[in-house]
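Me: I'd like to learn how to read a structure feature by feature. Could you take me through one?

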Amino acid sequence: MPAADTERFRLRRFVDRLVQMGECEVHDKPIDLIDVARVLDGNPHAVLFTAAGPEKAELTGNVMGSRRRLALALETDERGLLATLQARLREPHAPVKVEDAPVQEVVRKGDEADLCALPVHLQHGEDGAPYISASLDFALFPGSGFTNVGCRRIMLRGPRHAGIDLIAPSDLRAIYLEAAARKEPLPVAYAVGSHPADFMAAVTATPPMDELQIIGALRGEPVPIVKCVTNDVWVPADAEYVLEGYLDPKGHTEPEGPYGEYVGYYGVVKRNPVFHVTAITHRKDALFQTATIGGRYLARTDTAQLTTMKTETAAWAALQTAVREPVAVFATPSSGGMYNIRVSLTQRVPGEARNAIAAVFGSMAEAKHVFAFDADIDVFSDEQVDWALATRFQGDRDLIVASGFRAVPLDPSLGGARSGAKVGFDCTIPFGKTNAFEWAVPAAPALADRAQHKTVADALADAPASFVELMAALGSRDGRDIVRALDSLYAADRLSRLDNGRYVLKDEK
């Protein structure tokens with residue numbers, strides 16, 4: 001059996017590809033860590049810093065801050081991203097264990113395991129401390145031996161202690177609470193510096209299984225894994241860094257935050273568990289990673305773009321059970337990747353647009369606003385969506401408002417409430433009217449092949465015709481000759497018009 005490839009899905013290799021494609025800026029000049037966020041904020045490109053901080057560390061950020069870059073990670077395009085992700089999810093790959101792992105080329109344990117030696121920067125002005133924001137967490141499900149994979153941030157508290165975010169419902173939170181109830185520490189590991197496919201796997205909801213298989217699914221091949229040096233957790237052998245340790249069994253005791261959240265506002269100080277570091281391992285030429293989050297330019301952040309994948313996957317699963325022919329779904333990253341969802345469908349029976357809206361309301365997508373469109377609307381196009389909302393939607397007829405739904409607490413508009421409202425916008429053409437002329441969309445003329453006639457009168461003697469049909473009938477590629485011929489028929493009192501605008505000879509009317 002060939003040796004596992006520990007370079008193909010290395011983060012550095014992906015970043016090098018982005019540089020070659022013009023998707024990543026390279027900053028070769030030394031930069032203080034306080035200035036890193038300013039370079040990343042609102043930047044449409046990924047960024048590679050080759051001399052960050054006094055250690056002149058290599059640091060990359062905003063690697064996943066566009067749908068195009070996520071699509072590149074799965075070898076597809078932006079519109080094909082969701083379909084490609086779903087197709088790969090149907091073929092999980094069991095991980096393959098290795099002994100010699102690049103991520104363990106350098107091993108630092110005990111007092112040598114120093115979080116403050118890493119190029120961790122302050123991301124927002126009011127953050128409680130520097131955060132490691134691009135980490136994937138790995139922990140074992142009790143009993144099954146399966147590995148749980150998640151994505152969450154780490155706030156530095158000191159060289160060997162940090163606060164982690166375990167407020168929102170998640171598998172890791174449930175695993176931790178069980179361990180804390182037994183007053184047992186929970187072994188855990190965090191990979192920092194991972195391929196975008198691994199991040200997409202971490203945020204995608206799947207049936208209970210070993211989630212290392214999900215990483216393999218999105219990679220399209222088994223992920224090489226290695227056992228941590230200080231606990232029994234298995235991690236990707238091709239990561240850049242791994243932070244090993246355990247979560248303190250004392251519970252949610254550590255003040256964590258504030259932090260600039262993915263919704264574009266600050267999250268307040270919360271109580272969270274403490275992470276104790278027991279080892280830090282990394283490649284000899286390791287590339288540290290930071291993830292962009294929050295601010296005014298959400299659509300250009302790693303977090304919002306990743307959240308779109310989670311949202312779209314959940315929404316699509318709900319649509320498939322609710323309507324006969326869903327066409328597309330798009331969660332806008334500018335809404336944090338969650339709150340505004342656009343869906344398009346082909347309606348087969350009356351009411352399917354509302355079925356689609358209701359299905360997304362009740363799904364794990366957690367959307368607040370659902371916009372339903374006909375199949376002719378490109379949900380990725382702001383222009384087409386705005387046009388359909390302006391011309392196919394009537395507020396007293398097509399607005400659906402409901403309250404008391406499950407809500408994401410980080411939404412500041414909730415005002416502290418634990419449930420919230422959802423709004424649906426039915427922006428579809430009334431059922432049965434899509435082929436009506438008043439709903440026809442003007443387009444450039446196209447001449448169809450028709451039987452040739454020598455005169456307009458001969459053509460109209462066969463059947464009433466539109467202007468472009470007359471051009472096709474006479475082989476005209478100008479049109480002004482047709483106008484002159486029609487004028488002669490008007491002068492002879494032989495020409496009339498039908499209600500649909502077609503020209504007709506009076507004696508044929």
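Reply: Sure, burial comes first: buried means under 20% relative accessible area, exposed over 50%, and partly exposed in between, with a 1.4 Å probe and protein chains only. Here, buried residues make up 53% of the 509 residues in the protein. This is a predicted model, where local features need pLDDT of at least 70 and side-chain atom pairs count only at pLDDT 80 or more, while totals for chains, interfaces and linings use all residues. Residues are numbered from 1 along each chain as its sequence is written, and side-chain values use heavy atoms, with hydrogens and water left out.

Me: How many helices and strands does the protein have?

Reply: Helices (H or I, at least four residues) and strands (E, at least two) are DSSP runs, numbered from the N terminus. That gives 14 helices and 27 strands for this protein. Its C-alpha atoms fill a box of roughly 105 × 50 × 50 Å along the principal axes.

Me: What share of the contacts joins residues at least 24 apart?

Reply: A contact means heavy atoms within 4.5 Å. Taking contacts between residues at least 6 apart in sequence, 66% join residues at least 24 apart.

Me: Now helices. Which residues of H4 are buried, and what covers them?

Reply: Helix H4 spans residues 81-89, and its buried residues are Leu81, Leu82, Thr84, Leu85, Gln86 and Leu89. Their cover includes helices H3 (67-73), H6 (196-203), H7 (212-219) and H8 (302-322), plus strand S21 (326-331).

Me: And how many residues of H9 are buried?

Reply: Helix H9 (residues 352-361) is mostly covered, with 7 of its 10 residues buried. They are Glu352, Ala353, Ala356, Ile357, Ala359, Val360 and Phe361. These pack against H8 and against strands S22 (340-345), S23, S24 (399-406) and S25.

Me: Is Arg484 buried or exposed?

Reply: Arg484 sits in helix H14 (residues 480-491). With a relative accessible area of 59%, Arg484 is exposed. Its C-alpha atom is separated by 9.9 Å from that of Val456, 28 residues away along the chain.

Me: Let's do sheets. How do S21, S22 and S23 run?

Reply: In general, strands of a sheet pair through backbone hydrogen bonds, either parallel or antiparallel. The cut-off is that two strands pair if DSSP finds at least two bridges between them. S21 and S22 run antiparallel, joined by 5 bridges, and Pro326 stands opposite Leu345 in S22. S22 and S23, in turn, run parallel with 6 bridges; there Ser344 has Phe373 in S23 as its bridge partner. S22 is also mostly covered, since 5 of its 6 residues are buried.

Me: Which strands are at the edges of the sheet S4-S12-S13?

Reply: That sheet is open, with 3 strands in the order S4-S12-S13 and mixed pairing. Its edge strands are S4 (96-97) and S13 (234-236), each pairing on one side only. S12 (residues 224-227) runs antiparallel to S13, with 3 bridges between them, and Ile225 stands opposite Pro236 in S13.

Me: How many aromatic pairs are there?

Reply: Rings of Phe, Tyr and Trp (its six-membered ring) pair if their centres lie within 6.5 Å; planes under 30 degrees apart count as stacked, over 60 as edge-to-face and the rest as tilted. Searching the whole structure turns up 7 aromatic pairs. Tyr190 and Phe275 make an edge-to-face one, 4.9 Å centre to centre with 70° between the planes. That pair links distant parts of the chain: Tyr190 is in strand S11 (residues 186-192) and Phe275 in strand S19 (residues 274-282), 85 residues apart. Tyr190 is buried at 0% relative accessibility, and Phe275 is buried at 0% too.

Me: Which pair is stacked?

Reply: Phe371 and Phe425 are stacked, at 4.4 Å centre to centre and 10° between the planes. Phe371 lies in strand S23 (residues 369-374) and Phe425 in strand S25 (residues 419-427), so the pair ties together parts 54 residues apart in sequence. Phe371 counts as buried because its relative accessibility is 16%, and Phe425 counts as buried at 17%. Ring pairs also link Phe371, Phe393 and Phe425 into a cluster.
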